[in-house]
There are 2 protein chains.
Amino acid sequence: MKKVTISDVAKHANVSKSTVSQFTNGRYHYMNIETKKRIKKSIDELGYQGNFIARSLRVKRTSTIGVIIANVLHFSSPSVIRAIEDVCNKHNIHVIVCNADENPHKEKKYINMLQAKQLDGLIVFPTGANVDLYKSMVVDNYPIVFMDRLINELSVDAFLLDNEMASHLAVSYLVKQKHQKIGIITPPLDRKISPRIERIQGYKKALHDHGINVRKNYIGNVEIDEVEQEIYRMTHLNDPPTAIYLINDLILMEALNYIKKNNINMPEELEIISVDDVPFADIYNPALTTIRQPWFKMGKDAAHLLLKKTHDSNKLQVKREVYRYKPELIARR
Amino acid sequence: MKKVTISDVAKHANVSKSTVSQFTNGRYHYMNIETKKRIKKSIDELGYQGNFIARSLRVKRTSTIGVIIANVLHFSSPSVIRAIEDVCNKHNIHVIVCNADENPHKEKKYINMLQAKQLDGLIVFPTGANVDLYKSMVVDNYPIVFMDRLINELSVDAFLLDNEMASHLAVSYLVKQKHQKIGIITPPLDRKISPRIERIQGYKKALHDHGINVRKNYIGNVEIDEVEQEIYRMTHLNDPPTAIYLINDLILMEALNYIKKNNINMPEELEIISVDDVPFADIYNPALTTIRQPWFKMGKDAAHLLLKKTHDSNKLQVKREVYRYKPELIARR
DNA sequence: CTGAAAGCGCTTACAG
DNA sequence: CTGAAAGCGCTTACAG
């Protein structure tokens, strides 16, 4: 597996490495047609393939960006990744995807790894920790963009759902279905992950707008493996909620599991609604009402902005921009 | 965003680049303790982070492998990827995942890209085309391993399901449920994608073993967007099948869609079984019986073998190994 | 229109 | 125990 290098091509075509390089980089407007032909022929005959690593070292640009997903288990991951890849492909930029698994240590490891690999920029769904690490990246003016989550101390552009509106859609839908006793389940709030906080706030605000009192009992902030027992707790209150708002798809899965195992009649005995559409929402029995995030659009926009940043990385970021996207209610019954 | 290099560290610590390099590579058994301390201090003070690209160029090893998935829409993708990443992480190897989208052109583009990036090896779910490209990789003794699919002309190790057994499990299960009229739906067979072919063969063989005649009418090989009309066709035959074997999860999704839209009673009016477990099989109403592939194990094994190959890439492959994995029936009713 | 030279940031024999 | 030198495979001013 001996590799053919630019020197081999140069020798074979009887020109200098410089000339071959000009050719492979498409700068041959002024090149003798014979030279061009000879180089082309040599490349084909030798099966020459450029060494991207060597090129990157020289030009100080890897034409590669990284994306760090907080948790790939979300059903939305493929769409976001796909959207990012689509725009990057068009610009001949490669994408490396990493899964932080909601684990700040993993997140940090990946960031260090990606920086060591000299990636041109990063799109990240931050776990919420590693603030100092991000801060130093901001100071270095390293191109970076957040998705889904906001970190207040950091001046990093972010692409997010209008979470308050999402909660408003959810609560209003349930109220319209004659529900007044509405619970909510979110993952833990300790790491101050913005969508969780904002969705809870939105939920409280929406209840208020509908003249419904917030009941502490109806609010659950629990780990994913405690969701079932949390639903058990809520549904076994003296005056239990008749509907529960689940703030993401993973919680939805747990809820469906509980509902099924306990033969709960949905929606008669318990109604649910969740943020993030799932691929089986349509075919489920009964069909699931969800609130869709425009992930594909968000991914595209984030990628575009990041690519722009990688090109004018000299320009210092003046102020953080936060792009909010409208959620969409998909009422399926 | 001026980068700190090894030279900066050397200057700052008053040693040579060689010595810094020895230090960062952990070869400092013989190093003066003072020198070690000075270097450590300089690295910390300057915030030095090695340039992986430069290192890769020098050592001719990127410590990175690629995986090309034929179609990430399969629900199994996360597990396989996760398994591969787990073993690679343990060996400090990075992973780049690409999605060929069942598109041979994309597949080719990605392979070229990954080779240009000097990846140490590839795990691929081949689309079935690009045989010549793979052939040249085999000739070059480039480390590569196939998953899920086999290409007969190519001497590439492969990790696959025992597809015949999967079909046997499916058919036997249905027969045990008193079905004698059993259909099958697969994607198109033109590209000779081995699991499709083998599952059909296994289906025929299993029917035969149960003394049931194969009926041409009961076999559908169609594109994913034609699955619904194919089910329509089969269920509207004079003597329609009472059960259908769906050979993958994407076909299952379409089938469920059809069944739901047409208010078909499952399993009374039509029973189904499918290969590849889906995340909602348990919570679906009614629960879905599936045939599980040990994707996690397959991914781990494939990664281990590939890493091994990247280390003795001088050893010429003598003969292709095909590793077959046992499917597992998950009867959920 | 083409080539010689320098250099990107590392590592690795080798010398001392 | 430490350093000078060569070189990985490219690209890019610059000279001619």
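Two residues are taken to be in contact when their C-beta atoms, placed from the backbone, lie within 7 Å. By that criterion, in this predicted model, 33 residues of chain B are in contact with 33 residues of chain A. On the chain B side, helix H4, strand E2 (94–99), helix H6 (104–116) and helix H11 (249–261) each supply at least two residues. The largest share of this side comes from H4(B), with 5 residues. Sorted by class, the residues with which chain B touches chain A comprise 17 nonpolar, 12 polar and 4 charged.

Turning to the overall form of one protein chain, chain A has 12 helices and 12 strands. Its C-alpha atoms fill a box of roughly 90 × 40 × 30 Å along the principal axes. The radius of gyration of chain A is 26 Å, whereas a compact globule of 333 residues would have a value near 20 Å.

Both DNA strands are met by residues from chain A and from chain B. Around DNA strand C there are 27 residues, of which Ser16(A), Ser18(A), Tyr30(A), Asn32(A) and Ile6(B) come nearest. Helices H2 (17–24) and H4 (52–59) of chain A, and helices H2 (17–24) and H4 (52–59) of chain B, each supply at least two residues of the surface near this strand. That surface near DNA strand C is made up of 8 nonpolar, 13 polar and 6 charged residues.

DNA strand D likewise has 27 residues around it, and here Ile6(A), Ser16(B), Ser18(B), Tyr30(B) and Asn32(B) come nearest. At least two residues of the surface near DNA strand D are supplied by each of H2 and H4 of chain A and H2 and H4 of chain B. The class breakdown for DNA strand D reads 8 nonpolar, 13 polar and 6 charged residues.

Three helix pairs of chain A can now be described in turn. The first to consider is H1 (residues 6–13) with H3 (residues 33–46), whose axes come within 9 Å and cross at roughly 125 degrees. The two helices H1(A) and H3(A) are therefore oblique to each other, and their crossing is right-handed. From H1(A), the residues Asp8(A), Val9(A), His12(A) and Ala13(A) meet Arg38(A), Ile39(A), Ser42(A), Ile43(A) and Leu46(A) of H3(A). This contact of H1(A) with H3(A) has 5 nonpolar, 2 polar and 2 charged residues.

Next comes the pairing of helix H5 (residues 77–90) with helix H12 (residues 295–311) in chain A, which pack at an angle of about 40 degrees with their axes 8 Å apart. H5(A) and H12(A) are therefore oblique to each other, since only angles under 35 degrees count as roughly parallel. H5(A) passes H12(A) in a right-handed crossing. Seven positions of H5(A) are involved, namely Ser79(A), Val80(A), Ala83(A), Ile84(A), Asp86(A), Val87(A) and Cys88(A). They meet Trp295(A), Phe296(A), Met298(A), Gly299(A), Lys300(A), Ala302(A), Ala303(A) and His304(A) in H12(A). By class, the contact of H5(A) with H12(A) holds 10 nonpolar, 3 polar and 2 charged residues.

The remaining pair consists of helices H8 and H9 (residues 194–209) of chain A, with axes that come within 7 Å and cross at roughly 45 degrees. That angle makes H8(A) oblique to H9(A), and the crossing of H8(A) and H9(A) is right-handed. On the H8(A) side the contact is made by Asn163(A), Glu164(A), Ala166(A), Ser167(A), His168(A), Val171(A) and Ser172(A). Pro195(A), Glu198(A), Arg199(A), Gln201(A), Gly202(A), Tyr203(A), Lys205(A), Ala206(A) and Leu207(A) make it from H9(A). The contact of H8(A) with H9(A) divides into 6 nonpolar, 6 polar and 4 charged residues.

Some details of the chain A backbone also deserve a look. A cis peptide bond joins Met266(A) to Pro267(A), with omega about 5 degrees. Pro267(A) sits in the loop between helix H11 (249–261) and strand E9 (271–275) of chain A. Another cis bond runs from Asn285(A) to Pro286(A), where omega is near -5 degrees. The loop that holds Pro286(A) lies between E9 and strand E10 (290–292) of chain A. Lys178(A), a residue other than glycine, has a positive phi near 75 degrees. Lys178(A) is found in the loop between helix H8 (163–176) and strand E6 (182–186) of chain A.

Terms used
Residues numbered from 1 in each chain as written. Chains lettered and ligands numbered in written order. Predicted model: local features only at pLDDT ≥ 70, side-chain atom pairs only at ≥ 80, totals over all residues. Near = placed C-beta within 6 Å. Helix = DSSP H or I, 4+ residues; strand = E, 2+ residues; numbered from the N terminus. Nonpolar A, V, L, I, M, F, W, Y, C, P; charged D, E, K, R; others polar. Axes fitted to C-alpha atoms, helices over the stretch in contact; angles between N-to-C directions. Parallel < 35°, antiparallel > 145°, perpendicular 65-115°, else oblique. Left-handed = near helix turned anticlockwise from the far one by under 90°. Rg over C-alpha atoms; globule rule 2.2 N^0.38 Å.
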